[in-house]
Amino acid sequence: MRILISLLQKEFLQIFRNKTLLPLIFVLPLVQLIVLVNAATMDMKNIRITVVDMNLSSTSRLLVSKLEASPFFEVGDMLINKQMGIDYLQDNKTDILLYMPQEMEQTLTKEGVVKVQIIADAIDASKAQLAFGYLTNIIQETHMQVMLEQQKLQNVKRISTNSSFWFNPDLNYKYYMLPGVLVILVTLIGLFLSALNLVREKEIGTAEQINVTPIKKYQFILGKLIPFLIIGLFELTLGLLAGKLIYGLPFSGSLLVLYSFASIYLIAVLGLGLLISTLSQTQQQVMMVSFFFMLIFILLSGAFTAVENMPELAQKLNVFNPVYYFMNAIRMILIKGAVFAELASEFRSISIYACISVTLAVLSYRKTN
Amino acid sequence: MIQFTNISKSFDEVKAVRNVSLSIDEGQLFGFIGPDGAGKTTLFRMLNSLLIADEGSIELFGLDPHKDYKKVRQIIGYMPGKFSLYYDLSIEENLNFFATVFGTTIEENYHLIEDIYKQIEPFKKRHAGKLSGGMKQKLALCCALIHKPKLLLLDEPTTGVDAVSRREFWDMLKSLKSKGITIVVSTPYMDEAGMCDSVALMQNGQIHAVESPKAIVDNFQKELLAVKCNDMYKALLTLRNYENCYNVYPFGEYLHYIDKRDSKPIEDINDCLLKHDLQEIEINPVKPDIEDCFIELTRKLSV
């Protein structure tokens, strides 16, 4: 026990004396939260739309006024020449083009059907689809309104929908993104710091000196694990506080459940980091290997894209992805208010993960060769 | 007593240590002398349980470093060739850390390190990374001694240390020896061999001789001449091509020359050098030192 305490003491002394690391530990979470949460938004706003109105009727004006009222669209120049609109698309002056032909209103009144054309810049496919969807909705709405005004729909039966959004009633994307960014942050700190720290001892040669002492393997690994566990939890706290203050992040669930999960998760990640560093010889190797795992873990975890949309193989791979479990758990706890029982399977998986990674780290740490 | 029996160790293709057998008595100051790459560090790492020998066995005060590594680590104080204490901890913190790790305290064994520690104590708050080479070395020695080891294992402790500090360091080792600690030290510097009770000359993973430095010098049979003149390089080339030359090599400001014949050939050599237009010639018989012996030994083996 005395040995472990002196190892921890040494580790903390070193961390607090590290003039590069310390500011990073404090500043990194804030910068990430402020920049990333806003940057990673999936909300579609301010889609630039150009309208080519050849009709100039009350119907076409109604449609344009609806577009102007919509938060999704930013109506740019009104053109009366289709080719000019296409040039706009070419020059990236607009994201989507709406073409309303001459005789639109007249055809609609006479035949009840009329064609308008939508051309979208589909370099960003999901953006184009969303814009298309929003635009079609607005056109439908306009159509309905025109029909009602013309009293042609008196006897039409309609299904009226009444929607309510649970757990995140304002559809605030930040509530979804923020926990995700927090998970990335905690993982980053845990994996890189622990992995780099151990291999540094190898590089400097202090590991050689430690190896001839009676320090036991598990003591050495614990001495590396505990400090970074504490730092990781500290980062989480800092992030949660910042989230609360800056974005008004809801804490629907119990913090006790969250911190228990975070602790087990950190042990799993730290174990993995230590395992990587026991198998590496230089900091460079550690960086490359950790980076490889980080990237895959984070992209697969559903931090930015829904796991359900991923190919089956990717979904299966998530069984081995600790980030996936934490990503699920933290969102469930914070936003949905999930209790322990609802997260039992995540708890079980991450605990198994932690046991395996720490055991492997202890076993693979070699004092002799 | 420390006993190596037929020890061999290879790294892939390189045979670092080949069939080494020797014994070191308790209480000795024992030196491994040899150039870089001779296998000294490998031998040390096998002795302190960090490496496992491919063949052969090691006995260390009745323990096997491989099987009884836990006990061995308690009784060995190891100072690696590269400074390997924590750069970002102070002198005091480093010492405290290693004392605790070995389950002891500074106070308990202060008498062992007192003489050395006093010299660095004024800087005890300074980080180890900011110490001078000599101070680093003293700190490392303190850390290796703090758990009162029976055997002190020093791997090239004086490499990169100035001449005065080196002498001081050897004085420290002698005083530690008088406290009953067995000391095994390796060094590439031949002149340090004389400080040891017994030395092993090592090259290419093999031990050539294990004797007291005096015995090694006494065993040197040949007549040794020190040669000096106005153009040393030309003299070296000339003597190398001289028909009766056995060996000639630069040695400080002189050339050391050994003749094939047993008689003292000072006149012959003088003539030979004069013939090649060399001037200010000075030739004197000298006593061999340990370096001459080492050169002679390696020559014998390579021929």
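User: Happy to start with helix H3 of chain B: which helices are included in what covers its buried residues?

Analyst: In this predicted model, H3(B) spans residues 91–101 and is mostly covered. The cover of its buried residues draws on both chains. From chain B it includes helix H4 (110–120) and helix H5 (133–145), and from chain A helix H1 (2–17) and helix H8 (206–211).

User: How many of the 11 residues of that helix are buried?

Analyst: Good one to check by eye in the structure. The buried residues of H3(B) include B:Ile91, B:Asn94, B:Leu95 and B:Phe97. The list goes on with B:Phe98, B:Ala99, B:Thr100 and B:Val101. For H3(B), the count of buried residues comes to eight.

User: Is H1(A) roughly parallel or roughly antiparallel to H3(B)?

Analyst: The axes of H1(A) and H3(B) are 9 Å apart and the helices pack at an angle of about 155°. Angles over 145 degrees count as roughly antiparallel. H1(A) is therefore, with respect to H3(B), roughly antiparallel.

User: What is the handedness of that crossing, and how do the residues of the contact divide by class?

Analyst: The crossing of H1(A) and H3(B) is left-handed. H1(A) contributes A:Arg2, A:Ile3, A:Ser6, A:Leu7, A:Lys10, A:Leu13 and A:Arg17, while H3(B) contributes B:Glu93, B:Phe97, B:Thr100 and B:Val101. By class, the residues of this contact are five nonpolar, two polar and four charged.

User: Stepping back to the whole interface, which three residues supply 24% of the area that chain A buries against chain B?

Analyst: The contact takes 25 residues from chain A and 28 residues from chain B. Together the chains bury about 2,600 Å², with 58% of it on carbon and sulfur atoms. On the chain A side, no other three residues supply more than this trio: A:Arg17, A:Gln209 and A:Val212.

User: And chain B as a whole: what share of its contacts between residues at least 6 apart in sequence join residues at least 24 apart?

Analyst: Some context on chain B may help. Its secondary structure comes to 10 helices and 13 strands, and its C-alpha atoms fill a box of roughly 70 × 45 × 35 Å along the principal axes. Of its 303 residues, 52% are buried. As for contacts between residues at least 6 apart, the share joining residues at least 24 apart is 68%.

User: Let's turn to chain A. Are H9(A) and H10(A) roughly parallel or oblique to each other?

Analyst: Helix H9 (residues 217–247) and helix H10 (residues 255–279) of chain A have axes that come within 9 Å and cross at roughly 135°. That angle makes H9(A), relative to H10(A), oblique.

User: What is the handedness of the crossing of H9(A) and H10(A), and how many nonpolar residues does their contact have?

Analyst: The crossing of H9(A) and H10(A) is right-handed. Residues that meet there include A:Phe228, A:Leu229 and A:Leu233 in H9(A), and A:Leu266, A:Ile267 and A:Leu270 in H10(A). Alongside three polar residues and one charged residue, the number of nonpolar residues in this contact is 15.

User: One last spot: is A:Pro179 buried or exposed?

Analyst: A:Pro179 is found in helix H7 (residues 173–204) of chain A. Beyond its neighbours within four places in sequence, A:Pro179 is in contact with A:Lys174, A:Leu249, A:Ile330, A:Arg331, A:Leu334 and A:Ile335. The C-alpha atoms of A:Pro179 and A:Ile335 are separated by 9.1 Å, though the two are 156 residues apart along the chain. With a relative accessible area of 0%, A:Pro179 is buried.

Note on methods. Residues numbered from 1 in each chain as written. Chains lettered and ligands numbered in written order. Predicted model: local features only at pLDDT ≥ 70, side-chain atom pairs only at ≥ 80, totals over all residues. Heavy atoms only, no water. Axes fitted to C-alpha atoms, helices over the stretch in contact; angles between N-to-C directions. Helix = DSSP H or I, 4+ residues; strand = E, 2+ residues; numbered from the N terminus. Parallel < 35°, antiparallel > 145°, perpendicular 65-115°, else oblique. Left-handed = near helix turned anticlockwise from the far one by under 90°. Contact = heavy atoms within 4.5 Å. Nonpolar A, V, L, I, M, F, W, Y, C, P; charged D, E, K, R; others polar. Buried < 20%, exposed > 50% of the residue type's maximum accessible area, 1.4 Å probe, protein only. Buried area = accessible area lost by both parts, 1.4 Å probe.
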